[in-house]
Each structure stands twice: as structure tokens, then as C-alpha cells.
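Q: Please take a close look at one helix in this model and at the surroundings that bear on it. I should like a single connected account that goes on to the pockets.

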Amino acid sequence: MASSLTTNMGTIQITLPDGATREVPSGTTPAQIAGQISPRLAKEALVARANGDLVDLSRPLDHDVKLSILTSKDPDAVQVLRHSAAHLLAAAVLELYPNVKLGIGPPIETGFFYEFLRDQPFTPEDLEKIEAKMRELAAQNIPNERKLLPKAEALELYRQSQQEFKCELVEEKATEPMVSFYTTGKFIDFCRGPHIPSTGRIKAFKLMSVAGAYWKGQESNPQMQRIYAACFVEPKELEEYLHKLEEAKRRDHRRVGKELGLFTVSDQVGSGLPLWLPKGATIRRLLEDYILEREREAGYQHVYTPDLAKVDLYKRSGHWEHYHEDMFPPMDLETEQLVLRPMNCPHHILVYESRKHSYRELPVRIAELGTMYRYERSGVLSGLSRVRVMTLNDAHIFCTPEQIKEEFAGVMRLVERAYRDLGITQYSYRLSLRDKVNTGKYVKNDEMWDLAERVLREAMDSLGLPYTEAPGEAAFYGPKLDIQLADVMGHQETYSTIQIDFHLPNQFQLGYVGADGQEHRPVMIHRGVISTMERMVSYLIELYAGAFPAWLAPVQAIVLPITERQNEYAREVHRKLLASGARAEVDERNEKLQAKIRDAQLQKIPYMLVTGGKEAEAGTVSVRHRSKGDLGPRPVDEFVADLKQEVDSRAIQ
Ligand SMILES: [Zn+2]
Ligand SMILES: [Zn+2]
């Protein structure tokens, strides 16, 4: 066995990414090849890719390969570094707490975790100690070395050290007679690798949290403690990430929503069923009024339809077959079975069907702030952003095939206008297609899918808009164009969507009378412009960290009398504000002005109107803006007129 490296002497051919080839002796390592290419590459190299597989830089190559040397510029190499950092964590924990039992330790999106079984919980102080130990071991630049052991020996090794979870893993995962291990100093781990050459490159990491997790995710198994860490290549990247995390916490809509009294979730109502408090309800109503107005201008007709329907309706539409896992179970009533609707499409189809249509009336645009019910699993529910009852700014356009492009462009204009007015600037377009391998989720009709896909692409191309493609993200009845908004952490979610659907018109045998006097099938466009009220409000809370522009602020101005003597004058100013349509309050509490200002700042009210003796005499208010500070005294009528102008123009700050 020891001679395996020397048996096939001779040379092998290495093909580099630029196509250049090199003849090298068999047994040459990627590290040596990196050194031949440039000393700098040798220094920066983390791992190599040989014929598509990631391998250690120290792995001897014994046959012709396509080889790339990977540095931190390659995302796969960064994941390898994170995996090596997970080993470093386990090594540090074992040095400090030799009796812990090891679970698994993979890289994750922004770092890594390792899981341990230990009687006492890890405390924040423990994490500090562990992190310090990791830094100590990293500074020693200990090599990560690969070893092969016969399976029986591997099991024996773990049995002796009483690492029963590792024994389990070796039993299950080791399919070949020889088992691969990695050592970092005294630490040894059953692992396929690869790893970076040594611990010295692990500089930018921070232990973040401890969370309980059942071994292998099964509740009957012991509960492990997972230590989560953030880890990047450069300290600057880690700093940026931690800063973003702070920012995300500061803006978290659940926290801000509570501080500003926008919504609440009650155990007695149930999870995923938020209650809109007066201030949150105000924002929602403003959004609803806003979008209804834009739709009226764009030729939509608004309807009201019931929140539930017979199950048979959803059987006919295909929702029952393709979507029932996301629906609430049906209710038995006398002879009927009713179900809460998960989507509004079938109702709007019936609105269209309620009378005959001629080609001259098309497109017919039917819109509704439609409330829908979806059975989201309890684990994913969160504030307003993941809920079980939601109201969608929904519409369905019934048009001729020739009208698709123009209707599509019209919806895009609506989206862009709404985003501009709401101050949303960070978004991208995603073409969501069906998964061509896993077709079970989708209605079967290849021809229809190809057509809908082509029409969508053409519509996007004719608008000259860039988009990415996402297989597997289509609706069950057709592909869609999704407009993705990113949060502070860069996570993208779909907010607006346009779907071209040839399926449901067929299912419901929809028709219109064409110019030729014959019956034709319309096309259906499903679209949502500002998403659900729940989701959009949660997004806006985070976008503005609660400091809404005046047109969306639940309270736009608060009058602050300095002493009781100005209460009467303050009420007069308040009345004028209300009469102009402004949303205003008066703070008549027996508090110092500083305290009143501080509280108004915390409530993120755009304008504070200080009214003292001088102001009462002159008929003015001293205006203070929440971010611009003191703006000086202004005649009341002038301030009221300016505020109205700011609100009517929907100024963003
Ligand atoms: Zn590993
Ligand atoms: Zn729909």
C-alpha cells in the first residue's frame, strides 16, 4: 500500500483552465503546480479542482486531469475554508472540554457550525474562551492532513474515544474499505474533505450563537448544541457582514412593529394571524387606497368575492391537485364541502364568466384586494412577512393573444410607478420557469408551457429589461415574471409577479366572440403589483426602519405645548392640521419638552411642532423634523400647506 504513489511513475498531463497543458511527473501535487505557475498563486491557493472534483492542494495527482487552482475568489473554495474553520472549532472545543461528543460540522452560507453533545449548555463566556482557543490554534498554522484508515480501525478509534455519533456516521457513510480522515494537530475527524492546507488562513470568524438541534433532526434522538459562526476570508468581509446583521436587527419589522405599535400577534388568535393595530392599519389603508387609485387609472374594475368556495371549484382549477398541501382542510357543511381560498383566480374567472364577452371589450381587467388563506408550517411563520391569512393586491386580465405584450408592459409600468412612489429602488427581474425534470408539480402540456415561456421572454426583451432565470419557481399553471426585492442581508423575495396562463381559461372553457363571429379562448394574466399588504408593509417597515415618508407615516405631525398654558393653542393647531387632512396628535402630558421630543423621535413622527408662549402669540409653530432637526418658527397655515404639498407629491423624505 505504501508504494501506491510510486508504482505509476511516468508523466501525466495537466490541462489548466486557459487550455495550456503541462507534462509533470505522476505524483505531482496541485500545490507544486501552483508554485510553478506563480509564487503568488501558490500563496493564495486554498484548494484545487481536478476534473470537476474539489481536492486538497497536497493530493498527489496520478492521472491526466483538468486542473484549476482555487483562491478565495472562488465561492467553492470559500466553503472549503469554512469547513476547515468548523474543524478548527471542534479542535478548540475538544481541547477545552475533552468529554464532549462530536456531531457534524458543515459549512453554511455565511460561515459554519459544529454540533456537540454536552451536559451543560455553552454560555457566552464559553464561546469567548472557545474563540480565543481557535485564534491560538489558527496562529500556530497547524496543517490539515488527510489520512486513510481501514473501516474497522476507524470504528475502533472512535469507540475508544467514546464518540458514538461519529461511529454511527462511519457505519453509515463509509462505503469503501478505506475511510478518509483529516487531522488538525491532535484533532482527528472522519471527513471526506477537502480542506485548506493549514489553519493559518482562518482569520475572519466570530462565534455567533448556540442553538439546540436533535441529532439527525429526529426528536427521539439526543439534543445537540450547535455552535454557529460567521466566517469569511478577509476580516473586512466579516466586519461588513456583522454590520449588516446589526442593521437588519435594527430594522427587523417584528421589533419596529412592536415599538411603533403597528401590529401584534396573539396566542389566543393563533400564530401567523397578526392583528393590525391602529397605526399599522393606517399604513395598510394608505397602501390599499394608493394601489386602487392607480388601478382605476389603468382601467381595472374592482370586485369583491367571498373568501371561501366549494372544494369542487378548486378541483376544477387544479389548485386541489397541485396546491392542496398549502391549503387549509375543507369544512363539511350540510351537503357541501367548503374551503378557504388559497388564491383568488377561480373567483375572478367566474366574474368574467358571468356574462358574454366580445373581442371589442377585451382586455377585461378584474381586480380585488383579495384575502387568501395558506397553510404555512408553524416553523416558517414570522411577523407580517410569513402569515396564514393575507390580502393580495390581485388582478386577472382576460385578453386576446395579440394583447398580451401590451398588457404585460402596462403591468410593468404600474409596478415601476408604485415602486417609485414607495421609494423602492433595489429590485431585479426573475423569469420563473418550471422544473423540466421534476414535472409533477405542474400541469402537463409541454406545448402550452413552451408558448407561455416564449411570450414572457419576448415581452421582457421588447422592454429591454435584464432578467435571470429560475427553473422550478413557476406557478403550477404557467411560468411567471417575478420582481425580487432584497432585504438588508441581500436575501431576495418575490413581491410583484406577472403570470401568463393558457391553462385556466381552458379548464373553465372561457370564451369571447371574435371579429369573425366565432368563439375564441382568451388568455389570462395573473398579476400582483404591490404584493400582499402584510408582506409589503413588513418590507416598508424595514426599508425605512420605521421612519416612513410623510405620505405613509401613521402620524405625520405632533403638536408639543411647552407648558399647560399653551394647551388651548396647541389644540387649535391640531384642529387645523386635522381639517387639512393631516394625521396629527397633541402631546398634552405634563412632561418636560425634552421628554416629549424624545418620545416623538422614538415614534419616528416626521414633524414635531413646538408651541410655547411666543408661538401662541405670533400664531406660529417651531418646526422640528425627526432627521433634519430644528427648522425654525413658521406660521401655522404655511406649515399646514407645505405638509399637504409634501404628502400629495408623495415625497420620499
Ligand atoms: Zn469535515
Ligand atoms: Zn391568479
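**Helix 15 and the pockets**

A: In this predicted model, helix 15 has as its buried residues Met 448, Trp 449, Ala 452, Glu 453, Val 455, Leu 456, Ala 459 and Met 460. These residues lie on the same side of helix 15, because the arc that they cover around the axis is only 160 degrees. On the other side of helix 15, the exposed residues are Asp 446, Glu 447 and Ser 462.

The length of the helix can be checked as well. Helix 15 comprises 18 residues, 446–463, and at 1.5 Å a residue it should span 26 Å; the C-alpha atoms at its ends are 26 Å apart, so the expected and computed values agree. The residue that follows helix 15 is Gly 464, which has a positive phi, near 70 degrees.

What does the buried side meet? The buried residues of helix 15 pack against two helices, helix 14 (404–422) and helix 16 (503–507), and against strand 22 (427–433), strand 23 (467–471), strand 24 and strand 25.

Strands 24 and 25 lead on to the largest pocket, since strand 24 (480–486) and strand 25 (492–501) each supply at least two residues of its lining. Helix 12 (319–323), strand 21 (389–399), strand 28 (523–532) and helix 17 (533–544) also supply at least two residues each. Strand 25 gives the most to this lining, with 6 residues. The volume of the largest pocket is about 1,300 Å³. Its lining is made up of 47 residues, of which Tyr 323, Met 343, Arg 374, Lys 480 and Gln 499 are the closest to the centre. By class, the lining of the largest pocket consists of 16 nonpolar, 15 polar and 16 charged residues.

The second largest pocket holds about 880 Å³ of space. Among the 30 residues that line the second largest pocket, the closest to its centre are Ser 180, Phe 190, Cys 191, Arg 192 and Gly 193. Two or more lining residues come from each of strand 4 (53–55), helix 4 (75–96), strand 9 (144–150), helix 7 (164–173), strand 10 (178–184) and strand 11 (187–190). Strand 10 gives the most to the lining of the second largest pocket, with 4 residues. The residues of this lining divide by class into 15 nonpolar, 6 polar and 9 charged.

Terms used
Residues are numbered from 1 along each chain as its sequence is written. Chains are lettered from A and ligands numbered from 1 in the order in which they are written. This is a predicted model: local features need pLDDT of at least 70, side-chain atom pairs count only at pLDDT 80 or more; totals for chains, interfaces and linings use all residues. Side-chain values use heavy atoms; hydrogens and water are left out. On a 1 Å grid over the protein atoms alone, a cavity is a set of points where a 1.4 Å probe fits but cannot get out, and a pocket is an open set with protein on both sides within 12 Å along at least five of seven lines; lining residues have an atom within 4 Å of a point. Grid points are joined across faces, edges and corners, and a volume is the space filled by probe spheres set on the points. Ala, Val, Leu, Ile, Met, Phe, Trp, Tyr, Cys and Pro count as nonpolar, Asp, Glu, Lys and Arg as charged, and the others, Gly among them, as polar. The expected span of a helix is 1.5 Å times one less than its number of residues. Buried means under 20% relative accessible area, exposed over 50%, partly exposed in between (1.4 Å probe, protein chains only). The arc is that of the directions from the helix axis to the C-beta atoms. Contact means heavy atoms within 4.5 Å.
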